[in-house]
Amino acid sequence: IDSTLVTNFTHQIVNPLNGVVGTLDNLIDGTTSEERRPQRLRAARAQLSGAIELVRNLAYLSQLSTEAGVQSLKEKTRDCIVPELVIEAALFFQEIAEHKKLTIHLADRETRV
């Protein structure tokens, strides 16, 4: 993993964690009003969820940095949930994809698997 990736990753994870610490400090010391507490807690939870996702992505990337990791990923077939925006982009570029011998199979439109 190159240093630019680590630098960007560090920046992307430290900022939301600092936000959570600040939010918790404000909740503890009473700076946040009672009516804003639920909103602040939801925001802090969202920041933590984002940080967890970044760590998972880094773990996935580190797996790709080894030959064994790359091989294990090639051997697995698994479904994933595709966001609507990606589906729309894929449909837009479908003709170009066909020329490059790429296909996307949407097994279930309801769950976007």
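# A tour of a five-helix chain

Read from one end of the sequence to the other, the protein chain shows the pattern α-α-α-α-α, and the count is 5 helices and 0 strands. This is a predicted model, and a useful opening step is to colour the protein chain by pLDDT, whose mean is 79, with 77% of the residues reaching 70 or more. Among the elements, H1 has the highest mean pLDDT, 89, while helix H4, residues 84-92, has the lowest, 69. Where pLDDT is low, the predicted coordinates should not be read in detail.

Next, show the surface of the whole protein chain. The exposed area is about 9,400 Å², of which carbon and sulfur atoms supply 57%, and buried residues make up 12% of the 113 residues. If contacts are displayed for pairs with a separation of 6 or more, residues 24 or more positions apart account for 55% of them.

Now select Thr-32, which sits in the loop between helix H1 (3-29) and helix H2 (37-64). Is this loop residue buried or exposed? Thr-32 counts as buried because its relative accessibility is 9%, which falls under the 20% cut-off. To see the surroundings, add Asn-26, Leu-27, Arg-37 and Arg-40, which Thr-32 touches when residues up to four places away in sequence are not counted.

Keep Arg-37 in view, since this contact of Thr-32 also takes part in a salt bridge with Glu-34, their side chains meeting at 3.6 Å, N to O. The structure holds 1 salt bridge. The two partners can then be compared by accessibility: Arg-37 counts as partly exposed because its value is 24%, whereas Glu-34, at 63%, counts as exposed.

For the last stop, select Leu-5, Tyr-60, Leu-61 and Leu-64, which make a nonpolar surface patch of about 310 Å². Which element gives the largest share of this patch? The largest share comes from H2, with 3 residues. Leu-5, by contrast, lies in helix H1, and its relative accessibility of 33% is why Leu-5 counts as partly exposed, a value between the 20% and 50% cut-offs. With these four residues shown together, the patch can be viewed alongside H1, where Leu-5 lies, and H2, which supplies the largest share.

Definitions and conventions
Residues numbered from 1 in each chain as written. Predicted model: local features only at pLDDT ≥ 70, side-chain atom pairs only at ≥ 80, totals over all residues. Heavy atoms only, no water. Helix = DSSP H or I, 4+ residues; strand = E, 2+ residues; numbered from the N terminus. Buried < 20%, exposed > 50% of the residue type's maximum accessible area, 1.4 Å probe, protein only. Contact = heavy atoms within 4.5 Å. Patch = residues over 30% accessible without salt bridge, like charges linked within 9 Å, V, L, I, M, F, W, Y side chains within 5 Å. Areas by Shrake-Rupley, 256 points an atom, 1.4 Å probe, with all protein chains shown as cover. Salt bridge = Lys/Arg side-chain N within 4 Å of Asp/Glu carboxyl O. pLDDT = per-residue confidence, 0-100.
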